[in-house]
Amino acid sequence: MFDVAVIGAGAAGMMCAAVAGQRGLRVVLVDHAQRLAEKIRISGGGRCNFTNIGAGPANFLSENPHFCRSALAGYTPQDFLALLKRHRIAWHEKHRGQLFCDDSSESIIDMLRAECDAGAVQWRMNCPVAEIGHGEQGYTLHTGQGTIRAAKLVVATGGMAIPQLGATDFGLKIARQFGLKVVEPRPALVPLTFDAAQWQPLSELSGVALEVGLHTGQGKARGEFLEDLLFTHRGLSGPAILQISSFWKPGEPIVVDLAPGRDLAAELLASKSGNRQQLHTVLGGLWPKRLADRWLHLAEQAGKPGLAALRLADAPDKTLRALAQDIHQWTLVPSGTAGYKKAEVMRGGVDTRGLDQKSMQAKAVPGLYFIGETVDVTGWLGGYNFQWAWASGVACGRAL
Ligand code: FAD
């Protein structure tokens, strides 16, 4: 009989097990995968963007945006950095507060394993859980390695992104089994796709990258970012699209500003007088040449013949204003997302209104806890999702 069984030896599960074990609880950590923490291993291109120095509640999406406050305040990026220091793990800031390991993400896994060992956590890897029972004595896990009994159960099985790495909806199934509500899950931090025929004229821009502003949604559901955009054969990707994908709802447009931070109409009109440059040269100074050529070619096809060769001095003001507006407000309606196979995280999950924000315990089911990505708290791109995994894991580990 254990005090605590944690299902899911990923970021949140290992953190929680280590904290609980070091407090003297008898903890068993169960995972169906052969290797622990596969997502930490592949994260951040193998260097794990393990936190963001500016992480705060505003960087997370949830139907209940205040839920994450307490856990995030109780375990901050600075706390995680102190842990790294104790384990002599070197790190650096890349940009926008994103912190990465100098060497490999393996060092984070080794650190968490060592922390679990310091708490005498018992490992059950390669151990699928078929069924969970609940009685007066606590929880019974029927697993591929026999029956495990524990007074308390922590569910840390993550989200559904990258099923090829063993991601499942197990956490959501357990939530439903015990009568908790689930906010509809969907892929997030994911490339957006477009109707193949519609995208075809833009597919040759594959590989073009530039910084853009973009937004989608209204009111509280509005997402707005300044990030790098990447054109692909099938649609758009890069950090800009991954960020906005978490806010995008099917059928809604996204609006891309291809000249962020500028007033293109004013610039074009101000430099017009006596300017013999053709518009393709002007836009070529603003963007990668391939994009400038394609943009003007498509505008010509859409009823503005001769636009590319038009000299700035000869261009009517109305034409320049319309061109600037199209560039600042390129409006597209994606047909969908590239799905869980390409997503970095799952949006939605266990409804936080059924959980206690200090302990992560289900309000209506004593001894049952949910942490990490399984919960309806989704971070922006840039280290926020790991910070939530650490913080929710620690909050739970302390409360168990
Ligand atoms: P996970 O780390 O996914 O752990 C869940 C564990 O549960 C896994 O070990 C899994 O095997 C186990 N499990 C699942 N189902 C079952 C089951 N039925 N029975 C038993 N065990 C089960 N976030 C960042 O902040 N920074 C990054 O750089 C970053 N890079 C990423 C790159 C990629 C390609 C991906 C896919 C994600 C990335 N993320 C990143 C997101 C981050 O990895 C997750 O948000 C984080 O790992 C969630 O932690 P977790 O502990 O909740 O779940």
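Colleague: What makes α1 roughly parallel to α13?

Modeller: In this predicted model, α1 and α13 pack at an angle of about 30°, with their axes 7 Å apart. Angles under 35 degrees count as roughly parallel, so α1 is roughly parallel to α13. The crossing in which α1 passes α13 is right-handed.

Colleague: Why is α10 called oblique to α11?

Modeller: Helix α10, residues 279–286, packs against helix α11, residues 289–301, at an angle of about 135°, and their axes lie 8 Å apart. Roughly antiparallel needs an angle over 145, and roughly perpendicular runs from 65 to 115. The value of about 135° fits neither range, and therefore α10 is oblique to α11. In passing α11, α10 makes a right-handed crossing.

Colleague: Which helices supply at least two residues each to the shell around the ligand?

Modeller: They are α1 (11–22), α2 (38–42) and α13 (384–399). The helix that gives the most is α13, with 4 residues.

Colleague: How many residues surround the ligand, and which are the closest?

Modeller: There are 31 residues around the ligand, and A12, D31, T168, E373 and F386 are the closest. A residue enters that count if one of its heavy atoms lies within 4 Å of the ligand. By class, the shell holds 14 nonpolar, 13 polar and 4 charged residues.

Colleague: What makes the pair between T168 and the ligand a polar contact?

Modeller: A polar side-chain atom of T168 lies 2.7 Å from a nitrogen atom of the ligand. The cut-off is a pair of N or O atoms within 3.5 Å, so the T168 pair qualifies as a polar contact.

Colleague: How do you know that the backbone of F386 and of A11 also make polar contacts with the ligand?

Modeller: For F386, a backbone N or O atom is 2.8 Å from an oxygen atom of the ligand. For A11, a backbone N or O atom is 3.1 Å from an oxygen atom of the ligand. Both values are within 3.5 Å, so both pairs count as polar contacts.

Colleague: How much of the ligand does the protein bury?

Modeller: Taken alone, the ligand exposes 1,000 Å², and the protein buries 92% of that.

Note on methods: Residues numbered from 1 in each chain as written. Predicted model: local features only at pLDDT ≥ 70, side-chain atom pairs only at ≥ 80, totals over all residues. Heavy atoms only, no water. Polar contact = N/O pair within 3.5 Å; in protein donor to acceptor, adjacent residues only side chain to side chain. Areas by Shrake-Rupley, 256 points an atom, 1.4 Å probe, with all protein chains shown as cover. Nonpolar A, V, L, I, M, F, W, Y, C, P; charged D, E, K, R; others polar. Axes fitted to C-alpha atoms, helices over the stretch in contact; angles between N-to-C directions. Left-handed = near helix turned anticlockwise from the far one by under 90°.
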